[in-house]
Amino acid sequence: MKRIITVIAAGALTLAAAGCGSSSGSPSNAGADFPKNGKPVELLVAFSPGGPVDTAARLIQPVLEKELGTNVEVINKPGAGGQIGYTSLANAKPDGYTIGAVGSPSIVVIPLDEARGAAFTREDLQPLARQVVDPMVIAVQADSKYKNLKDLLEDSKANPGAVNATTTGQMGGEHFAIAQINEATGAELSPVHFSEGASQASTAFLGKHVDVLVGNVSEVIDLQKQGKAKVLGVMDSERTDVLPDVPTFAEEGYDVVAATARGYAAPAGLPEEVAKKLESALQAAIEDESVVSKMDNLGLTTSYQDSAEYGEFWTKQEADYKAVLPLVQAK
């Protein structure tokens, strides 16, 4: 019997050493003057402008500036499926002036695969807040011959490897989603990796260089509204409000659930006062009514978790993805 995988559940496990809190030996009043007058905070985004991680970061930016009383500069460092930006974040000085917008599974999985040669580990990063969980969907061209999800999957079974699908990089959320679909349904969709992020993948799909777009609700909703894509299925336990007419995989008889979680982190070892200020500012920004409303318009329901909860979620995901890592590792 084929093994069915679900890799987007939060659990109450012990927070890893890199979780919230101050570094050992840090004075309790260290960082009491953070942020110093006029010194900006850099918010690193490990993907190209225009993607969902970048969009969410730019939505909270003005509220963060107000809460912290200083400029917050969004800086994009795309490449290698997020690895370049995450490495820069992990290696930054843990003083609060560099934080990062992160997404899982990439932030969780990259350090787990020895072949990636990651220069950072889970313990080098400190979770600050979760903002959203964004379900995965599968879409085809608006004029595609595939009328429904079953049509696509049956064609993929009949022509193994002939139907290709986008990812935002090796071991990104879409790559895992494709592996789940293949494992659960017997299809053989072939992943095509676009390591700079969702914008690059969408461009390739719109240019008809790739057959299938696998992405998050927030990445695909506008394409559906504009008649540029046809969403065939949602990888969630129930239908999403912004695509009410699109069935879930479960409704079509396939047990597949997949999503991307996005939030914010810092280099491990922040002074306690600095961590508290950043966590408070991020909560205010994520839960700001205007930000929540704009996220809703993008098809994203805010799902805030504080640093401790997000750390537990992260740790649970690490265990989940470690178990299914062989499905997406290069053979």
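These legends walk you through several close-up views of a predicted model.

**View 1. Helices α1 and α9 pack side by side in opposite directions.** Start with helix α1, residues 52-68, and helix α9, residues 289-297. Their axes come within 10 Å and cross at roughly 165°. That angle is over 145°, so α1 counts as roughly antiparallel to α9. The crossing of α1 past α9 is right-handed. On the α1 side, look for Ala 56, Leu 59, Ile 60 and Val 63; they meet Val 291, Lys 294 and Met 295 of α9. Sorted by class, this contact has 6 nonpolar residues, 1 charged residue and no polar ones.

**View 2. Glu 154 and Lys 157 form a salt bridge within helix α4.** Here the closest N and O atoms are 3.3 Å apart. Both residues belong to helix α4, residues 149-158, and a spacing of 3 residues separates them by about one helical turn. How accessible is Glu 154? Glu 154 is partly exposed, at 35% relative accessible area. Its partner Lys 157 is partly exposed too, at 34%.

**View 3. Arg 239 and Glu 251 join two places in one loop.** The side chains of Arg 239 and Glu 251 meet in a salt bridge, with 2.9 Å from N to O. Both residues lie in the loop between β8 (230-235) and β9 (259-267), so the pair ties together parts that are 12 residues apart in sequence. Arg 239 is partly exposed at 35% relative accessibility, and Glu 251 is partly exposed at 44%.

**View 4. Glu 272 and Lys 276 form a salt bridge in helix α8.** The closest N and O atoms of this pair are 3.3 Å apart. Helix α8 covers residues 272-286, and the two partners sit 4 residues apart in it, about one turn of the helix. Glu 272 has a relative accessible area of 31% and is partly exposed; Lys 276, at 45%, is partly exposed as well. Elsewhere, salt bridges that share partners link Asp 134, Glu 219 and Arg 262 into one network. The count for the model comes to 9 salt bridges.

**View 5. Val 137 is a buried residue in strand β4.** Strand β4 spans residues 125-140. Is Val 137 buried or exposed? With a relative accessible area of 0%, Val 137 falls under the 20% cut-off and is therefore buried. Leaving aside residues up to four places away in sequence, Val 137 touches several others, including Leu 213, Val 217, Val 231, Met 235 and Leu 243. The C-alpha atom of Val 137 is 23 Å from that of Ala 80, a residue 57 places away along the chain.

**View 6. Ala 80 and Met 171 have positive phi angles without being glycines.** Ala 80 has a phi of about 55° and lies in the loop between β2 (72-76) and α2 (83-90). Met 171 has a phi of about 70° and belongs to the loop between β5 (164-167) and α5 (173-185). Ala 80 is partly exposed, at 35% relative accessible area, whereas Met 171 is buried, at 2%.

**View 7. Cis peptide bonds lead into Pro 35 and Pro 105.** Phe 34 and Pro 35 are joined by a cis peptide bond with omega of about -10°. Pro 35 is found in the segment before β1 (41-45). The bond from Ser 104 to Pro 105 is also cis, with omega near 25°. Look for Pro 105 in the loop between β3 (98-104) and α3 (106-109).

Key: Residues numbered from 1 in each chain as written. Predicted model: local features only at pLDDT ≥ 70, side-chain atom pairs only at ≥ 80, totals over all residues. Heavy atoms only, no water. Axes fitted to C-alpha atoms, helices over the stretch in contact; angles between N-to-C directions. Parallel < 35°, antiparallel > 145°, perpendicular 65-115°, else oblique. Left-handed = near helix turned anticlockwise from the far one by under 90°. Contact = heavy atoms within 4.5 Å. Nonpolar A, V, L, I, M, F, W, Y, C, P; charged D, E, K, R; others polar. Salt bridge = Lys/Arg side-chain N within 4 Å of Asp/Glu carboxyl O. Buried < 20%, exposed > 50% of the residue type's maximum accessible area, 1.4 Å probe, protein only.
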